[in-house]
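Dear colleague,

I am passing on the structure we spoke about, together with some notes on how two of its helices meet and on its pockets. Please look it over before reading on.

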Amino acid sequence: MDDLERLASLQRLAVLERVFHRAIDAAESEKLPAEVVAAAAVVAANLPSGASLSWNEDYPGISEWLPKPIAFDLTVLARRALDVALPVNGWFWQSWVDIEERREAESVVNILKSILSDR
């Protein structure tokens with residue numbers, strides 16, 4: 001996120017698209033779920049229904065990081081990348097030791113998916 005914050009809006013958009021395409025096209029071992037979640041969070045924060053997300057406080061102005069309006073194709077790409085990088089019974093969900101932290105992560109991912117699908 002810190003690296004994205006330093007970029008211009010069109011550069012951010014290009015980085016996000018690369019993250020999503022890499023996640024969708026990568027072999028199972030090459031997926032970076034946390035990177036996909038962060039990229040999807042940026043897209044969601046720039047949508048009207050995501051502007052009030054609580055983590056926006058950590059990055060003031062994040063809801064203005066991308067050019068508006070947000071393309072429908074970008075939200076579809078972000079949602080698909082989340083589905084591919086974080087399959088329901090995939091290794092990411094199996095790797096949690098603390099069940100409460102896993103539930104919190106699941107909640108965040110579900111919120112992102114909902115915002116990205118609510119277009």
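The crossing of α2 and α3 is left-handed, and please bear in mind throughout that this is a predicted model. Helix α2, which covers residues 9-25, packs against helix α3, residues 33-45, at an angle of about 135 degrees, and their axes lie 10 Å apart. That angle makes α2 oblique to α3. On the α2 side the contact is made by Leu16, Val19, Phe20, Arg22 and Ala23, which meet Glu35, Val36, Ala39, Ala40, Val42 and Val43 of α3. Sorted by class, the residues of this contact comprise nine nonpolar, no polar and two charged.

Turning to the pockets, the largest holds about 180 Å³ of space, and its lining is formed by Met1, Asp3, Leu4, Leu7, Val15, Leu16, Val19, Glu35, Ala38 and Ala39. At least two of these lining residues come from each of α1 (2-5), α2 and α3. In terms of class, eight residues of the lining are nonpolar, none is polar and two are charged.

The second largest pocket encloses about 150 Å³, and the residues that line it are Ala34, Val37, Phe92, Trp93, Trp96, Glu104, Ala105, Val108 and Val109. Two or more residues of that lining are given by each of α3, α5 (91-94) and α6 (99-117), with α6 contributing the most, namely four residues. Here the lining divides into eight nonpolar residues, no polar ones and one charged.

With best wishes

Definitions and conventions. Residues are numbered from 1 along each chain as its sequence is written. This is a predicted model: local features need pLDDT of at least 70, side-chain atom pairs count only at pLDDT 80 or more; totals for chains, interfaces and linings use all residues. Side-chain values use heavy atoms; hydrogens and water are left out. Axes are lines fitted to C-alpha atoms, for helices over the stretch in contact, and angles run from 0 to 180 degrees between N-to-C directions. Angles under 35 degrees count as roughly parallel, over 145 as roughly antiparallel, 65 to 115 as roughly perpendicular and the rest as oblique. A crossing is left-handed if the near helix is turned anticlockwise from the far one by less than a right angle, and right-handed if clockwise. Contact means heavy atoms within 4.5 Å. Ala, Val, Leu, Ile, Met, Phe, Trp, Tyr, Cys and Pro count as nonpolar, Asp, Glu, Lys and Arg as charged, and the others, Gly among them, as polar. On a 1 Å grid over the protein atoms alone, a cavity is a set of points where a 1.4 Å probe fits but cannot get out, and a pocket is an open set with protein on both sides within 12 Å along at least five of seven lines; lining residues have an atom within 4 Å of a point. Grid points are joined across faces, edges and corners, and a volume is the space filled by probe spheres set on the points.
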